[in-house]
Amino acid sequence: MEARNQTAVSEFLLLGLTEDPDLQPILFVLFLSMYLVTILGNLLIILAISSDPHLHTPMYFFLANLSLTDICLSSSTIPKMLVNILTQNKSITYTACLTQVCFVLVFGGLENCLLAVMAYDRYVAICHPLRYTVIMNPWLCGLLMLFSLLISLVDGLLHTLMVLRLSFCTALEIPHFFCELAQIIKLACSDIFVDNILIYVVACLFGGIPFSGIIFSYVHIVSSVLRMPSSEGKHKAFSTCGSHLSVVSLFYGTAFGVYISSAVSDSPRKTAVASVMYTVVPQLMNSFVYGLRNKDMKEALRTLISGRAVL
C-alpha cells in the first residue's frame, strides 16, 4: 500500500453517521436542534449563577465551569458536522482535524476532572460542614480549576504531538462524524505501538484516578449520611448530590457503553453512532439535570427568565 508522510496529507474525509442522502436533512435538523439546546441550556446555567449572589459558592463555581466546558466540547464537533452535511462536502483539512482532536481531548478531559472536583466539593460539604468555607476557599477553587485545565491541556497536546509523527496511507477516510483519535491512528501506515500504549496508559490514569476519587468521595458521603440522626438531614444531604450523581452516571455510563460497543462490534459506523452518546448527549442533558433537579438553580433560572421578560 502506498504511504505518504504527514506533510503531504492535506485533508481527511469524515464519512459521518450515514451515507444515505435521504437521512442527511434529518440528521442536520436533529443535530442542529441538539446543539442549539445545548448552547442555550448551558448559557442559562452560567447566566443564572453569575447573576444570583446566593449561587456564588464553590459548588456553583464548578458547575458554571462545567457548563462552559460542555459548550466548548459540543462546539468542537457538531458545527463541522453540520457544515459538512449542508455543503455535502466530507473533507476536513489535516490541521483542522488535529485541532479538533486536541480540543475534544482537552474539553473531554476537563469535564472528567471537573466531575471529580465537584465530588470532592460535595464530600467536604457533607462530611466536614463546619470547615467547608475554610477548606473550599476561593484560592483552592481557583487552583483546582487551573490544575484540571493544565493536565487536560497536557493530555490533549501530548496525543496531538504523537499523531504528528505518524505517516498515513492513501486511504484517509474516517468512519466518524468528527476526528476521533483512535480512528486517525488506525489510518496510519507507520508503527503505532507507542501511540496505542500511550492511549491505554493515559486512559487508565486520566480516567481511573478521577473516577476513583468520585467513588472515594461518595463512599464517605454515604457513610456520613447514614450516621445522621434525622431523616430530614439525610434527605437534604442526598438531594444536594442527586444532580451530580446523575451527571456522573451519564458521563461515565455513556463512555463505558461506547467502549463495550466498539469492543463487540466490527462496524466502525455503528461505533460512530454509539459515540454520539458520549460526545453529544451528556452535554445536552447536563443543563436539564441541574436545571430541573436542583432547587436553587430552578429558582435562579426562574428569576433570570422573568427578569429578562420584564426588560
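**Close-up views of salt bridges, membrane annotations and a surface patch**

The count comes to 3 salt bridges, a salt bridge being a side-chain nitrogen of Lys or Arg within 4 Å of a carboxyl oxygen of Asp or Glu. This is a predicted model, in which local features need pLDDT of at least 70, side-chain atom pairs count only at pLDDT 80 or more, and totals for chains, interfaces and linings use all residues. Residues are numbered from 1 along each chain as its sequence is written, and side-chain values use heavy atoms, with hydrogens and water left out.

**View A. Asp-121 pairs with Arg-122.** Here the two side chains form a salt bridge with an N to O distance of 2.9 Å. Both Asp-121 and Arg-122 are buried; buried means under 20% relative accessible area, exposed over 50%, and partly exposed in between (1.4 Å probe, protein chains only). As a reminder, side chains of opposite charge can pair when their charged atoms come close.

**View B. Asp-195 meets Arg-165 in a salt bridge.** The closest N and O atoms of this pair are 2.7 Å apart. The contact links distant parts of the chain, 30 residues apart: Asp-195 sits in helix 7 (residues 193-226), while Arg-165 belongs to the loop between helix 5 (138-164) and strand 4 (168-169). Helices (H or I, at least four residues) and strands (E, at least two) are DSSP runs, numbered from the N terminus. Asp-195 counts as buried because its relative accessibility is 3%, whereas Arg-165, at 42%, counts as partly exposed.

**View C. Arg-302 and Glu-299 share helix 11.** Look along residues 295-310 for these partners, which lie 3 residues apart, about one turn of the helix. Their salt bridge brings the closest N and O atoms to 2.9 Å. Arg-302 is partly exposed, with a relative accessible area of 49%, and Glu-299 is partly exposed too, at 44%.

**View D. Two spans carry a UniProt "transmembrane region" annotation.** The unreviewed UniProt entry lists several such regions, including residues 132-154 and 272-292; annotations may be inferred rather than shown by experiment. Residues 132-154 are 91% helix and 0% strand, with end C-alpha atoms 30 Å apart. For residues 272-292 the values are 95% helix and 0% strand, and the end C-alpha atoms again lie 30 Å apart.

**View E. A nonpolar patch lies on the surface.** Phe-193, Val-194, Ile-197, Val-201, Leu-205 and Ile-209 make up this patch of about 580 Å². Patches are made of residues with over 30% relative accessible area and no salt bridge, with like charges joined within 9 Å and nonpolar side chains (Val, Leu, Ile, Met, Phe, Trp, Tyr) within 5 Å. Accessible areas come from the Shrake-Rupley method with a 1.4 Å probe; for residues, only the protein chains shown count as cover. To find your way, note that Leu-205 is in helix 7.
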